[in-house]
Every structure is written in C-alpha cells, then in structure tokens.
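Here's a quick walk through the model, from one helix end out to the whole chain. Have a look at it first.

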Amino acid sequence: MKKAAAILQQSDLSFHFDGFVEGDDIGAGTVDVIVTDGFTGNIALKTMEGTSRLFTYYLKTALTSSPMARLGALLAGPALRSMR
C-alpha cells in the first residue's frame with residue numbers, strides 16, 4: 001500500500017491523490033472517494049449509519065421533550081430541514 005501511495009502521489013494523473021486519510025475525513029468532505037477493503041469499509045459505513053440514527057433519535061427526543069422545546073423545534077424547522 002505504501003508503494004502504491006507513493007506511485008500515485010508522484011503520478012501526473014488527472015486527479016488529486018490525498019493519500020491516507022483519517023476517519024473524520026470521511027464526513028468532513030476532505031476527499032471525494034475513499035478506497036478501502038470490504039471489511040474496513042463496511043465498519044466505516046455501519047458506524048456512520050448508526051451514528052446518524054442515534055443523533056436523529058437524540059435530537060427528536062430533545063426537541064419534543066417540553067412545550068418550549070417543541071416551540072424551539074418549530075422555529076428551527078427550516079434550518080433543520082436544510083441541514084438534513
């Protein structure tokens with residue numbers, strides 16, 4: 001892998017090769033494509049899916065926890081929809 005990375009970094013191909021990325025780069029948009037083996041890729045995908053579901057659950061729970069929270073959710077509705 002290190003040899004392949006070195007070859008790609010030195011090549012004159014029509015794309016930019018960033019090399020090895022960290023886990024937070026996946027969601028940050030640092031790169032457009034990540035190449036990984038099936039096992040590691042599946043773990044990353046399932047982790048992102050689970051985190052997304054958990055975040056959505058906690059957000060819905062918080063925004064419906066009281067009348068004031070529901071009012072805040074109503075006011076924040078357009079921003080939350082754009083975030084989705």
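Where helix H3 starts, a side-chain oxygen of Asp 37 comes to within 3.1 Å of the backbone nitrogen of Phe 39. A polar contact here is an N or O pair within 3.5 Å, one able to donate a hydrogen and the other to accept it; residues adjacent in sequence count only if both atoms are side-chain atoms. This is a predicted model, where local features need pLDDT of at least 70 and side-chain atom pairs 80 or more, while totals for chains, interfaces and linings use all residues. Residues are numbered from 1 along each chain as its sequence is written, and side-chain values use heavy atoms, leaving out hydrogens and water.

Phe 39 sits in H3 and counts as exposed because its relative accessibility is 63% (exposed is over 50%, buried under 20%, partly exposed in between, with a 1.4 Å probe and protein chains only). From Ile 7, Phe 39 is 32 residues away in sequence and 25 Å away in space, C-alpha to C-alpha.

H3 covers residues 38–63, and its end C-alpha atoms are 37 Å apart, which agrees with the 38 Å expected for 26 residues (1.5 Å times one less than the number of residues).

The chain has four helices and zero strands; these are DSSP runs, H or I of at least four residues for helices and E of at least two for strands. The chain is more spread out than a compact globule, because its radius of gyration is well over the globule rule (taken over C-alpha atoms; the rule is 2.2 Å times the number of residues to the power 0.38).

| Chain property | Value |
|---|---|
| Radius of gyration | 19 Å |
| Globule rule for 84 residues | 12 Å |
| C-alpha span along principal axes | about 60 × 25 × 15 Å |

Buried residues make up 7% of the 84.
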